[in-house]
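Got the viewer open? Let's walk through this one a selection at a time, starting wide and then zooming in on one strand and its partners.

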Amino acid sequence: MTPKVVGIDTGGTFTDFVLLDEGGKLRVHKVLSTPDNPAKAVLAGLRHLLNGAAADIVHGSTVATNALLERKGAKAALVTTAGFEDVLEIGRQTRAAIYDLNVEKPPPLIPRERRIGVAERVGPQGEVLRELSDESIRTTVDALRALGVDSVAICLLHSYANPKHEDALLGAIESELDAFVTSSYQVLPEFREYERSSTTVVNAYVGPVMARYLSQLGDEVTSGRVRIMQSNGGIMSLEAAQRLAVQTILSGPAGGAVGGFALGQRAGFDNVITFDMGGTSTDVCLCAGELSRTSETVIGDVPIRVPVIDIHTVGAGGGSIAYRDPGGSLRVGPRSAGAAPGPICYGQGGTELTVTDANLFLGRLSPEHFLGGERQLEVKPISDAIASFAAQMNLSMTDAAEGIVRVANATMERAMRVISLERGHDPRDFTLVCFGGAGAMHAADLARNLGITRIMVPRAAGLLSALGMLLADVVRDYSRTLLVRAADLDDERLDRAFGELETRANTEYENEGIAAGQLLLERSLDVRYVGQGHELSVPMSADFETSFHDIHHRRFGYADPKRPTEVVNVRVRAVARTDQPPMPEHELQAADASAATLGECAIVFDGDERESLLIDRSKLQPGNAFSGPALVVEYSTTTVVPPDFHCRVDAGENLILERLS
Amino acid sequence: MTSAAPTWDPVTLEIFRNLFYSVAEEMGVTLCHTSFSPNIKERRDYSCALFDGSARMVAQGEHMPVHLGSMPLSVEAAIEHVQMQPGDVVAVNDPFCGGTHLPDITLVQPVYLGDQSEPVFYVANRAHHSDVGGMTPGSMPLSRSIYQEGIRIPPVKLVRGGEVVDDVMALILANVRTPTEREGDLTAQIASNRTGERRLLAMVEKYGVETVTAYMGHLQSYAERMTREAIRLIPDGTYRFEDCMDDDGQGNGPLPIVVTLVVDGDAACIDFTGTSEQVPGSINAVYAITLSAVMYCFRVIVPFPIPSNHGTIRPLQIVAPEGTLVNALPPAAVAGGNVETSQRIVDVVLGALAQAMPGKIPAASYGTMSNLTAGGTDHRTGEDFAYYETIAGGMGARPTADGLDATHCHMTNSLNTPIEALEHSYPFRVRRYAVSRGTGGAGRFRGGDGIDRDIELLCPAQITILSDRRTHGPYGLEGGEAGKPGRNLLTKPDGSERELPGKASVWVEAGTVISIRTPGGGGYGSPVESA
């Protein structure tokens, strides 16, 4: 019998729980988050759900993320090649906003006085140009001791090509000091010193905080295995997460993307764009048969180069504030009313018009059914606010409210164009899977603008991140920079490079009780034309160069098979499949949805108020179907079905909206 | 005020602002990810933009400010000199005919609808190539005329009816040091324009050509309104400011750049009368650069993000006397005008604005891109190489904050080349890369510090440095001290060190170390008050 498994997602407001019991049944639970000590909410929820019973846990933690964003990490030091102590501070010597004279640049996570230069030097081919002496090691350890740091990052020039000096320093510091020590070769053995340093430093900065949190959790949860969600969409052991906390920086959004993609696949859709619209921002992620990943993330102005799910975020959400700029244009966001004071309709003192207010005014939110009626929405103050905004914009009230929604959509559309068209995908080939509180209100309009014809609103869309954690495999990414021309690479050399990574993978997994036979090892290469500065990921095959030309052509519109290519990195993704929970499949009932119809409501579409069906999602049966205009209400989200869309409930209780042609 | 169509609504305006901008950005992604010059792929020294049927800019990506006003002149030159047909792409780099300096090659493509005979739009992109020939590798020479600076390309068809014109391509490639790289970059530029064309045509299909065209006009008027609004807030009056270039590298200097700013209601006149005559050395700026620098200064005083387009220029009248440092005539040498003199033009215009609106404008930033070029034969591969890079400095202190250290300012925002990428691609060893502590000017708010970058050449090479602010430091404001001037040093393999002038070209032996120390920014407010 498979044990119970609980997925836990710590969010800003709520901590969500999804329990999968021995019989494959799902139970959900929500607790208010406890930001001062997130473990409190986690443990309270577990007590409620399990009542002392044993269970395995998969946890998406924001502890590392918050430590980074709020700059509350460890007191850390950086050990680097002498003469390059400022690489972390100089970065790429650019400013974040070109036309802003007041542009700021956050200080580096480790200040100058804690960046220690070591006399040593390795060259680009891994050749040692200057030996690391025992004396240098000793001086470094002494300096670290004098600084009294809790954590140490080691990043030496060209260590990806030869980690000898990093290893020596790592060993010495670990044995001499009681500190968290992390080296760039362990975290990211890839070239480009600033990005590698930055990633290593983030790990050193958030590592001790994460380790403390996880060991507390591990101590309290004794009756099952605790695993942690990573930014790459896979899960990892508690021990690994303590060492490589940098891998968890985006674990919350990753859970959502994994959940959205997995549910989409189960519903029969392999090409999916996940669309998570919350209060202040919107996350989108394109999955063309697999979760897309990237190694180019920036969190709080700090670059992080470990592979993460390629989630694109824009500052538009339900709480985004609308205003008129001096040129007369209607603008929305990125300023947000957040949870407090929130939109005007929350009645908590908010005075600035938000996207949620506009939706309510247009009838796209039902005031009686918001959060199951727990929170009454106030309509009257919105009419006044819209009236004065409309007068200011010289628009009718309806046009002003619809305008706010359309401008917010334009921002989200831009994000979707970036992840689809800009990367060589046609959005029309994709199904939009939406979740988050506001996604399903905007999905149909967005889909129409992008030529997307199908939308899926999963069951329990509000808990998708926690659910996604139950659907994730154990995944770890290994990589190393080669920088060798493809013509100079024989099979043996490539095999050796992959072999090294695979040996590491097997050893690490074995230490966690996963046998080599259970591992799926996927080999891939980062390839570019010799002389280019940007690489494309290509699955390993005997003929990987041909695949590279094809991918380059699809992405950028041309390829040049005569040009020599170069292998920048080799990568291995080690996947151990987890037992996937079965999802209920129901028999389809008749199409008639009248049993779920609560009545009628008025919604504005394109300036016209239309009588629309008001439908209670909890009463809908698989097989029920209806045409727009309609509004489907449930506890944590609302789905708008415009007149040109049809809606049905599939066997997995998902809403499937399809555009009528 | 001009307006393309009588009616617009504030919602559609915002939607098109997003659409046009995302097309320009996507063109940039294509160019950056597929190009070969370190200048383009690593340093992002490029710009992509959309233009209406009259060659007026509609949107530019968040790329290089120095290309702001100069891109439209390339499009105008292409229209004037070439009879374009569908599927054509025009290349131009002639500074005296739509270009800025020779390394910046611009590709202009007309966009046609169906079988119409006149283009409805244009797309263009400009990229800084790491070598276009001329007297020293990297094509940023200490030249005395344009003829020494590399291949000069007047507007010519590089692509005709969708096919690359082999004769033209061959002529270009025969004149540069790294032809394989050049061909790759030009191919990337062609692909970038095609991306722009494809997206614009899709937009027309969805919204109709009338609406798309109309909103191009509306967005220009919108940027104009925003700019006029910002100018209206400046008190009417006449403001004068003067600064100088150290020298021209040919023994002439200091060279004054003078501006008289007249603000009248919602319009401004920027008059450079009094500026030095054009000089024999290679720091002359053509008019396109002056236009870009002025546009930049007025763009940064608008307190809202606005599209970079033709509207910004409408309230501005620029007087740049011909034959001066800010409007050079042929056959002036202009390699450094784009990178050096452009920064000083910003310094003087902002200096005048600081008098007009005290408390709003920062002290002078480092004011020189400290251009370092190197070329020779890589002893490891036997292949010729041409390397070019700009090095940031200290930002001027702001009225309410210190200047940032080691950050590119004003007319450029190009990235550094990673040391590990550099040492892999070139016969160099970087010895030191550090913030030049203490170089920012003191003040209530401190100017940012510059950068120290020491590079050892592992094989004999020709080194050219084009830098300024080596004798006259960036000015402080309101009692703040000037930033420290930069320095250029050469250390021979035997350890002997000598100072190089701001503009220098030397052949060095293997083992030589070149050290660049960039200037700090000026301080703001009297340093005594802060004590």
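**Domains first**

This is a predicted model. Colour chain A by its domain assignment: domain 1 takes 5-68 + 211-251, domain 2 takes 71-204, and domain 3 takes 474-576. Now keep domain 2 and domain 3 of chain A on screen; their C-alpha centres are 27 Å apart. Where they touch, five residues come from domain 2 of chain A and five residues from domain 3 of chain A. On the domain 2 side of that contact in chain A, you'll find four nonpolar residues, one charged and no polar.

**Zoom out to the whole chain**

Show chain A as a cartoon and you get 16 helices and 34 strands. Its radius of gyration is 26 Å, close to the 26 Å from the globule rule for 661 residues, so chain A is as compact as a globular protein of that length. The C-alpha trace of chain A spans about 80 × 65 × 55 Å along its principal axes. Of the 661 residues in chain A, 53% are buried.

**Now select 271-277**

That's strand β13 of chain A, and six of its seven residues are buried. Which strand pairs with β13(A) in the antiparallel sense? Add 282-288: this is β14(A), joined to β13(A) over seven bridges. The two form a hairpin with four residues between them. To see one bridge pair, pick A:Thr274 and its partner in β14(A), A:Cys285.

Next add 431-435, strand β22 of chain A, which runs parallel to β13(A) with five bridges joining them. Here, pick A:Val272 and its bridge partner in β22(A), A:Thr431.

Terms used:
Residues are numbered from 1 along each chain as its sequence is written. Chains are lettered from A and ligands numbered from 1 in the order in which they are written. This is a predicted model: local features need pLDDT of at least 70, side-chain atom pairs count only at pLDDT 80 or more; totals for chains, interfaces and linings use all residues. Domain bounds come from an automatic or database domain assignment. Two residues are in contact if their C-beta atoms, placed from the backbone, lie within 7 Å. Ala, Val, Leu, Ile, Met, Phe, Trp, Tyr, Cys and Pro count as nonpolar, Asp, Glu, Lys and Arg as charged, and the others, Gly among them, as polar. The radius of gyration is taken over C-alpha atoms; the globule rule is 2.2 Å times the number of residues to the power 0.38. A residue is buried if 20 or more other C-beta atoms lie within 10 Å of its own, exposed if 12 or fewer, and partly exposed in between; C-beta atoms are placed from the backbone. Two strands pair if DSSP finds at least two bridges between them.
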